[in-house]
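The following exercises introduce a protein model step by step. Please attempt each task before reading its solution.

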Amino acid sequence: MVKAIRIHEHGGPEKLVWEDVELGQPGQGEIRVKHHAVGLNYIDTYQRSGLYPLAQLPAVMGMEGAGEVIAVGAGVADFKAGDRVAYANPMGSYCEERNMPADRAVPVPEAIPYETAAAMMLQGMTVRYLLRETYKVTADTTLLFHAAAGGVGLAAIQLAQLVGATVIATEARPDKLDYLRSIGVEHVVDGRTPDFVDEVKQRSGGGVEIVLNFLPGEYIPASLAVLREGGRFIEIGKRGIWTPEHVARERADVTYFVVALDQITEDEPAQIGEMLREMLASFAAGVLQPLPLKTFPI
């Protein structure tokens, strides 16, 4: 038996239960990980509340973690007991120990603390996938990132700055706007309302090539309005998103991506693993900097 945080029904934080969970030996192709740190993400609140329904209940919460391999199942050649690993998906990280598919885990360099590794998995994977698979970002690219002081936004800013791309960032709070300026974002726009179209067009010289969005409602048509002809609209939100048909009616020239990283990790574990290893190597080498984080005891 191990301790885990589970939900038996959807609802608020009061639905989280700290309880014993039966855990057998790792099966074929699995490893057993003793967690040192797990990540807390917005998607966890969506899953808990039922806004992003789970396949079945009860369920152990959490989408990312980092820790030590303490056992391996049959057929596992890439890991051994004592290895440091991290992962993003499958769900079930809010626990002391877990069994999971070995092909979802990546080695963590000694230079990276477990807390840092656990906090960068989902955000780093999301951005790495989006900026590699949807559009070739270069120094000539202009991008609009909404809610840019969040984890995904900050990771996206770093990767865009590495290639010299132009970033336009929105945020809703003055302190977050100031923070974005402090990390070198030249074009910072007040995003408290969707009335940013004219300012973004002015700052971008007519429009942007890429919008990274997870804001609902009127922010969607406003964001479509600032895209250049043939631009990319990348939707990572879960609530109130538009269908491809709706986007096509508004902007037939725009390429629209709705990205569900949980499904992508299921379908393309080898590709995602390669991206995560590259990302961790970049952090270990100091090419990328860890995102700001705060730790809490379980």
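Helices (H or I, at least four residues) and strands (E, at least two) are DSSP runs, numbered from the N terminus. Residues are numbered from 1 along each chain as its sequence is written, and side-chain values use heavy atoms, with hydrogens and water left out. The model is predicted: local features need pLDDT of at least 70, side-chain atom pairs count only at pLDDT 80 or more, and totals for chains, interfaces and linings use all residues.

**Exercise 1. Describe the overall build of the protein chain.**

Step 1. Count the elements: the protein chain has nine helices and 14 strands.

Step 2. Compare the radius of gyration with the globule rule. The radius is taken over C-alpha atoms, and the rule is 2.2 Å times the number of residues to the power 0.38. The protein chain has a radius of gyration of 20 Å, close to the 19 Å that the rule gives for 298 residues, so it is as compact as a globular protein of that length.

Step 3. Consider the outer dimensions: along the principal axes, the C-alpha atoms fill a box of roughly 60 × 40 × 35 Å.

**Exercise 2. Locate Q25 and R104, and decide whether each is buried or exposed.**

Step 1. Find the loops. Q25 lies in the loop between β2 (17-21) and β3 (30-38), while R104 is placed in the loop between β7 (97-101) and β8 (105-107).

Step 2. Apply the cut-offs: buried means under 20% relative accessible area, exposed over 50%, and partly exposed in between (1.4 Å probe, protein chains only). Q25, with a relative accessible area of 64%, is exposed. R104, with a relative accessible area of 12%, is buried.

Step 3. List the contacts (heavy atoms within 4.5 Å). Residues up to four places away in sequence not being counted, Q25 touches R32 and N99. With the same exclusion of residues up to four places away, R104 touches A86, Y87, N89, P90, T265, E266 and P269.

**Exercise 3. Work out the order of the sheet that contains β1, and identify its edges.**

Step 1. Recall the pairing rule: two strands pair if DSSP finds at least two bridges between them.

Step 2. Read the order. Three strands form an open sheet, β2-β1-β4, with antiparallel pairing. Here β2 and β4 (59-60) stand at the edges, each with a single partner strand, so one side of each is left without a neighbour in the sheet.

Step 3. Examine one pairing. Strand β1 (residues 2-7) is joined to β2 by five bridges, and the two run antiparallel. K3 stands opposite D20 in β2.
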